[in-house]
Amino acid sequence: MGTEAAPIASPPRAIDPSLRIGGARLAVSDLGRSVDFYARALGLPLIARDEDGATLGPDRERPTLALARLEHPSAAQPHSTGLFHLAFLHPSRSALAGTIERVIAARWPIHGASDHGVSEALYLSDPDGLGVEIYADRPREQWPRPAAGEGVEMVTRPLDLDDLLAQAPLEPPPEMPAEVVLGHVHLKVADVPRAAAFYRDVLGFVEQAHMPSAAFLAASGYHHHIGLNSWQSRGARPAADSAPGLRLIAFELSSPAELAALEDRLSDADGGRLMVDRRPGRVYVSDPDGNRLMFAVVPAAGAPRA
């Protein structure tokens with residue numbers, strides 16, 4: 001299903017164009033099982049692990065993923081709000097093909113594969129059923145654009161998997177390339193217009209595309225850093241604290257000035273009634289569905305640690 005470019009103008013001051021997603025924190029029901037999936041099948045390097053959690057990623061100072069063990073986990077709640085998927089952006093088709101080969105070698109099921117016009121993507125789930133996307137972007141000059149208006153056209157077409165796998169190295173690499181980053185995070189929300197208004201009007205992301213039940217927002221003209229949908233979660237509430245799921249998204253900003261500008265936006269939002277936790281070099285806020293967000297200046301405070 002395609003999407004149309006959003007007919008919504010950019011906010012008066014957009015969020016830092018150098019923004020990137022530094023990492024995310026997940027709560028998991030079985031730490032050993034989750035570490036095995038993310039380190040062995042997916043290929044994120046394991047940085048550290050103890051009985052309560054683990055960190056993974058190519059940069060020891062700023063982990064891409066933090067896992068926290070739930071002491072008394074309850075069942076996952078697929079129709080609640082929360083994480084739809086974490087999306088790991090690969091630097092090339094060859095790198096993506098290498099990860100696919102490693103997932104296949106680990107005998108981990110792949111649930112879907114799509115050509116979105118802007119990217120080629122495959123979908124799987126972690127041991128708790130939390131969504132994972134592995135993808136590679138096409139060059140920006142090849143991204144489909146609408147006939148009128150700004151943004152991108154994101155489509156869903158069959159992926160030519162044979163052609164993609166033809167780019168794979170002869171032997172699957174044991175780990176993801178160091179250049180792999182969290183390209184975007186896709187969230188399940190109760191009300192798409194409400195969530196989109198928060199990310200657009202309060203935080204300063206620019207809406208790139210939308211459909212009646214989904215919206216895609218980004219900084220710096222990217223196709224999306226944040227995806228929002230209500231396909232499984234319209235009118236829903238967040239899952240119980242004991243359920244596996246997303247606990248934090250860590251965004252990295254380029255300078256103290258950009259962080260200060262964001263703080264000003266947050267102070268102005270909702271007549272100053274928005275709950276904001278300010279700490280040196282970082283600020284925390286929750287979106288309308290209770291997803292915890294951290295914005296921090298790189299490199300002093302970019303790690304996804306609550």
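Which residues touch the most other members of the largest nonpolar core? In this predicted model, that core holds 65 residues, and the ones with the most fellow members in touch are Leu26, Tyr38, Leu42, Phe88, Tyr199, Leu203 and Phe295. Take Tyr38: setting aside residues up to four places away in sequence, its partners are Leu26, Gly43, Leu44, Leu56, Leu65, Leu67, Asp126 and Val132. Apart from this core there is another one, made up of 15 residues, including Ala121, Tyr135, Met154 and Tyr222. As a general rule, nonpolar side chains in soluble globular proteins tend to be buried together.

Now for the loops. Ser233 sits in the one between E13 and strand E14 (245-253), and with a relative accessible area of just 1% it counts as buried. Once neighbours within four places in sequence are left out, Ser233 is in contact with His79, Ser80, Thr81, Lys188, Val189 and Ala190. For Ala190, the C-alpha atom is 5.4 Å from that of Ser233, although 43 residues separate the two along the chain. As for Val189, its backbone oxygen is 2.7 Å from a polar atom of the Ser233 side chain.

Two other loop residues catch the eye for their backbone angles. Arg107, in the loop between helix H2 (93-105) and strand E6 (112-115), has a positive phi near 60 degrees despite not being glycine. Ser220 likewise is not a glycine, yet its phi is positive at about 60 degrees; this serine belongs to the loop between strand E12 (214-218) and strand E13 (226-229). On accessibility, Arg107 is exposed, at 77% relative accessible area, while Ser220 is partly exposed, at 43%.

Methods:
Residues are numbered from 1 along each chain as its sequence is written. This is a predicted model: local features need pLDDT of at least 70, side-chain atom pairs count only at pLDDT 80 or more; totals for chains, interfaces and linings use all residues. Side-chain values use heavy atoms; hydrogens and water are left out. A nonpolar core is a set of buried Ala, Val, Leu, Ile, Met, Phe, Trp, Tyr and Cys residues joined through side-chain atoms within 4.5 Å. Buried means under 20% relative accessible area, exposed over 50%, partly exposed in between (1.4 Å probe, protein chains only). Contact means heavy atoms within 4.5 Å. Helices (H or I, at least four residues) and strands (E, at least two) are DSSP runs, numbered from the N terminus. A polar contact is a pair of N or O atoms within 3.5 Å; within protein, one must be able to donate a hydrogen and the other to accept it, and residues adjacent in sequence count only if both atoms are side-chain atoms.
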